[in-house]
Amino acid sequence: MKGKKLVKTVAPLAVLALASGLVVSEVDAGTTGNAIHGSGNASASTDNGPLTITMWVNPPAVSAVQKIDKEFEAKYGVKVNLLTAANDQAGYTTLEQTSVQGGTADIMAIEPFEPMPQKMTTDNMSVVQEWAANHVFAPLNGQPWLSKFNKNDLSAAAYQGKDYGLVTGVYQTGIFYNKAIFKKYNLKVPTTYAQFINVCKTLKSHGVTPIWTGIGNGATFYLEFMMYPLMQDLLASSLGNASASAALAAGKIKWTNPKMITAFTEEKQIASNYLENNYAGENWQQMPGEFVAGKSAMLLDGSWDLASVLQANPKMQIGYFPLPGSNVASDNNSVSNPDLTWVVLNNSKHKALAEKWLQFFSSPNIYSQYVDATGISPSESGTFKSNAATIMGKWFGKGRVINQTADWLIPNGPYYLQSNNFWSEQLKMLQGSVSPAKLAQEYQQSQNQASS
Amino acid sequence: MNNVFAGRQKLVIYLTMIPGFVVFCLFGIVPSISTLIISFTNFTAIPGIPASFVGVSNYIHIFVDNAQGVLQSLKDTLIFAASVTVLQNAIALWMAHVLTKKFPGVKFFRTLVFMPAVLGVTIIGLMWSLIFAPSGGPAAGILSLFGTSSAFFGSSRFALPLVIFVQIWANLGFTTIVYIAGINTVPVELGEAARIDGASNWLNFWKVTFPMIAPSLTVGVILAAAGSLRTYDLIYVLTDGVNNTNTLGMYMFNTAFQGSSNLGIGAGIGMIQFVLTIVVVLALQKYLARREEAMS
Amino acid sequence: MKPIRRRFSHDWWRYLFTLGLVVIILYFGPLVFLANISLETESQFLTNSMSLPHPFSWSNFAQAWQQASMGEYFLNSVLYTVVPTVIALMLSLFLAFPISRQYVRWARQLHVLLTSGMFFPVAVIPLFIEARMLHLYNNRPGYIILHIEDAMVFGFFLFVGYFRTIPRELDESAVIDGCGYLRYLFTIVGPLARPAFATMGIYAGIQIWNDLIGPVVFLATPSLFPLSRGLFVFYGTSASQWTLLAAGVLIAAAPLIIAFLLFQRYFIQGATAGAIKS
């Protein structure tokens, strides 16, 4: 009978005892079920995989990794599975969580988790930070390839002296422009905010949509493409190249600082006049395509999308400049963030194989494939050439570092410091229902709450 | 009552009931009770982290530290649930009124209105996301005829009304069926008598039929209210809770499973949602029952 | 009165015009729109999405099927739907019959308890913790077991009412003929209750088939996903390819629409019976 087996397994669990015992037993189940597989160091030579890798969808990076996986499979005779999901909350964030919970991945792509909050509690850490602090990732110290990488970049995924991640490189955000359109209207690359607005005005007067960006379908946080560079440039007079993100989180710079309000005001001016209509609903995945199709003269995006642009039209002439926030040209700089970082999960059953894959990945000829395909600014020392390096010229790999998940964001923290609320409110400011000064006040209020 | 089966057969009866009962306890009773228990712990979804009881600190977190979040979410929930309940029932009443008439294609229309009930949230959500895409979608095409445009689900002003629209669209057929069943129980002669007195068609419905279907109204309203206070799967597909669509269910889900993985706080939000649903449904039930009595 | 007036209601053309127009635009329109773009080529879609497809590009369907690995997801969906529905049907039959006949102790109390199961709060968080505890997380048997309870409680509610329409004398004569309980249940009661079984199976089955939160919370490995989540993942990864996406949505919708047209009666019965549930 079908029910019999079920009865045998579950009958001894008295219902109410279970209800109250849930708390205690979950901990046991959690540890036995998932965490104590640390001994999975079966020697790699006998381990035939399959090796499972997860990463978010960035088409050029995915195809680069697929190619690398094929070569790895051919060389070592093991099977590699690549799981991907869209880089948004309902997509990759869920895949990450389920991979860790289910122990279903060996190597996982994360965004770097440093800096950790000063007082660490479960309420103020991001999920990835909690994982890093709770030994979900395997330390990679002592791996032979580690020394080839830039220490500074690696530190974005290190915690308490342990290197947990291979930081594959650095991306930048800024403006990619269509050289043909700029030439047609005799436009020069702007170096100050006023010049930039003039460029936009000229384009608009000719009926050309100046800038395209897309924050629809769950990517409201891509408003950072505007906010981060504008505020970094405006605060440069007091902070220099130091991170505004850290200064805001530490309370050294107040949200109500006039420079911050200026940044919000500039953001609003750009968004409500020079972005395409309804940028708030435009799918973020479509923006490279729309730019290639000539729907706008400029694309406000991260350099990770440059490869998609070039793939769609390899002949397109493109230039790059950082979105200028200040009217003092020397204050303006690009912003950059360490990006895709490989970690090995501690409960992986193919740990040695996973480490072998990382070593393979970092071997110069394979790594250069990756750099070339993605346009990432490399963190491994050596000379690598890519189209992105040519297009971005002197800006390539430069800029003030600010992590995509900025320092002030606190997952279960005060209302406006929670990522969703922070960006939603900022969008409301851009759409006109909240003034820049009010926005700054709201942010500051939450910030005060966090530091009290 | 006496059992006609005896001896060994009686034992078989009891034995065959066990599996079902165990399933019911394990996956029905235990989870319902433990939401409350979990809301007093600091459970996370991270494997291997020990959990312990933390008293009411999750509730302090929700109501004090993050009062704004729960207030915003309550506001979204109430706007969503109230609009869905009122509009869905009003439109369904009209539809049922018309669909109980005889005219060509009436069966086809009934089928069509009911169809979304089988499609499920993924298909419905993706379909309307495509229709309301700001460029290239048919809704944008219609707006452009009037020289305007919108970010639709990307707009903090229109996202909630649109989510309400899709929710009603999906569940309208069901409520309509409830009213059709109600109208069919009203004796035809009553309507005929009123028409002879010269009452207009709509007035006829309002004055004669509507009071007669008070029980259907109770069912229709309670179902729409309870459903819309609890649901979040459609919102998950359409907006994932951004732009003022963060209803309590969505808030609970996001706190527990996305971005943060705090099951304790999530369970606390789940309890708020549960209490709100119970209170609203009981109040509505009481009011509508009294109304039914007054009508009869 | 002319015969035509007798057959149709007074002013029937007005109903046809107002309601017909609203329903056709809102309920038929979206499907037509999807069908239209699913047959367009990518380039045609980009230039003029609203025009009729020219030439017809059927390849979107094949490509979507393959690219979204819909075959695999489809099989999972069938498994996840059929197995728990059948198990739930059996279990609720075993519970409902003796309780409706009051052949067991505490029948009335059990009836109230099991029916109240339809009103339990949504408990996705405790179920997630339980699933991990009992090793039901991220595997097929677990996912199936987790979906039994909901369908079972619904079946119980439906069957208890239905069994009342089967006369008690039938039980007595069966016992006199020396027919055992199980044989009686399967050979006599079962066939008689076929309409109730159909209603429960169709309605509960479609609920499970369409569940999206379940696979998001209880499954991690993509090869285990059912179609509902598979399609959602496909949306996330290929949001820029509308023609493919529309084809994918239609492929997923087709079996549901066909099932609905075939079993409409049972489904509506199920929905009305489940009225108090929702």
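**Domain division, chain B fold and the contact between chains B and A**

In this predicted model, chain C is divided into two domains, of which domain 1 covers residues 3-63 and domain 2 covers residues 69-237. The C-alpha centres of domain 1 of chain C and domain 2 of chain C are separated by 37 Å.

Chain A is likewise divided into domains, and each of them is assembled from two segments of the sequence: domain 1 consists of residues 51-168 together with 339-381, and domain 2 consists of residues 172-336 together with 406-451. Between the C-alpha centres of domain 1 of chain A and domain 2 of chain A the distance is 28 Å. Where these domains meet, 15 residues of domain 1 of chain A are in contact with 15 residues of domain 2 of chain A. On the domain 1 side of this contact, the elements that contribute two or more residues are helix 3 (59-76), helix 4 (89-102) and helix 15 (364-374) of chain A. By class, that side of domain 1 of chain A comprises six nonpolar, six polar and three charged residues.

Chain B contains 13 helices and zero strands, so that its elements, read from the N terminus, form an uninterrupted series of α elements. The radius of gyration of chain B is 24 Å, whereas a compact globule of 296 residues would have a value near 19 Å. Along the principal axes, the C-alpha trace of chain B extends over about 75 × 75 × 35 Å. Of the 296 residues in chain B, 56% are buried. When contacts in chain B between residues at least 6 apart in sequence are considered, 69% of them join residues that are at least 24 apart.

The contact between chains B and A involves 48 residues of chain B and 52 residues of chain A. On the side of chain B that touches chain A, two or more residues are given by each of helix 1 (8-38), helix 2 (57-65) and helix 3 (67-99) of chain B. Helix 1 of chain B gives the most to this side, with 10 residues. In terms of residue class, the side of chain B that touches chain A divides into 24 nonpolar, 22 polar and two charged residues.

Notes:
Residues numbered from 1 in each chain as written. Chains lettered and ligands numbered in written order. Predicted model: local features only at pLDDT ≥ 70, side-chain atom pairs only at ≥ 80, totals over all residues. Helix = DSSP H or I, 4+ residues; strand = E, 2+ residues; numbered from the N terminus. Rg over C-alpha atoms; globule rule 2.2 N^0.38 Å. Buried ≥ 20, exposed ≤ 12 C-beta atoms within 10 Å, placed from the backbone. Contact = placed C-beta atoms within 7 Å. Nonpolar A, V, L, I, M, F, W, Y, C, P; charged D, E, K, R; others polar. Domains from an automatic or database assignment.
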